[in-house]
Amino acid sequence: MKDDALGWFKWMHQNSLLSDWVSFTKALELRFGPSSYENHQAELFKLKQEGSVVEYQTKFEKLGNQVHGLPPDAILNCFISSLNLDIQHEMAIHKPTSISQAIGLAKLIESKLKE
């Protein structure tokens, strides 16, 4: 651990607030985990490509890792519908069937459009 996490751990340990692994993981999640008031699925659906495809992919994956239970086709459609329009139009021609295929194709299309 380092920075804020290390300071938090030392304080918790010195005050005997970490009695076992379960209490430690719960306390860690409460302190550094996502807020239960955040709606990551809504954030994922609102996300739009603003920079490069790689930048968008990074943000999409970060939010996507916090959303559970979405079917693969919903994730795929969410990814494609948030890309820049020129990339979306090209994607419609190729009809990718998986998120990994869509990501790779979006990068190729972006590269082609830059030339």
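Is Ser-16 buried or exposed? In this predicted model, Ser-16 has a relative accessibility of 64%, so it counts as exposed, the cut-off for that label being over 50%. As for where to look, Ser-16 sits in the loop that links helix 1 (3-14) with helix 2 (21-32). Its backbone is worth a glance too: the phi angle of Ser-16 is near 55 degrees, which is a positive value in a residue other than glycine.

Further along the chain, Lys-95 tells a similar kind of story. Lys-95 isn't a glycine, yet its phi is positive, at about 50 degrees. The loop that holds Lys-95 runs between helix 6 (85-94) and helix 7 (99-114). And how does its surface come out? Lys-95 counts as exposed because its relative accessibility is 64%.

Next come the holes inside the protein. When the whole structure is searched for cavities of 30 Å³ or more, just one turns up. The volume of the largest cavity is about 30 Å³. Which residues line the largest cavity? Going along the chain, the lining starts with Lys-48, Gln-49, Glu-50 and Gly-51, and then picks up Glu-55, Tyr-56 and Lys-59. Sorted by character, the lining has four charged residues, two polar ones and one nonpolar one. The nonpolar one is Tyr-56, while Gln-49 and Gly-51 make up the polar pair. That leaves Lys-48, Glu-50, Glu-55 and Lys-59 as the charged members of the lining.

Technical notes. Residues numbered from 1 in each chain as written. Predicted model: local features only at pLDDT ≥ 70, side-chain atom pairs only at ≥ 80, totals over all residues. Heavy atoms only, no water. 1 Å grid on protein atoms, 1.4 Å probe; cavity = no way out; pocket = protein on both sides within 12 Å on 5 of 7 lines; lining within 4 Å. Points joined across faces, edges and corners; volume = space filled by probe spheres on them. Helix = DSSP H or I, 4+ residues; strand = E, 2+ residues; numbered from the N terminus. Buried < 20%, exposed > 50% of the residue type's maximum accessible area, 1.4 Å probe, protein only.
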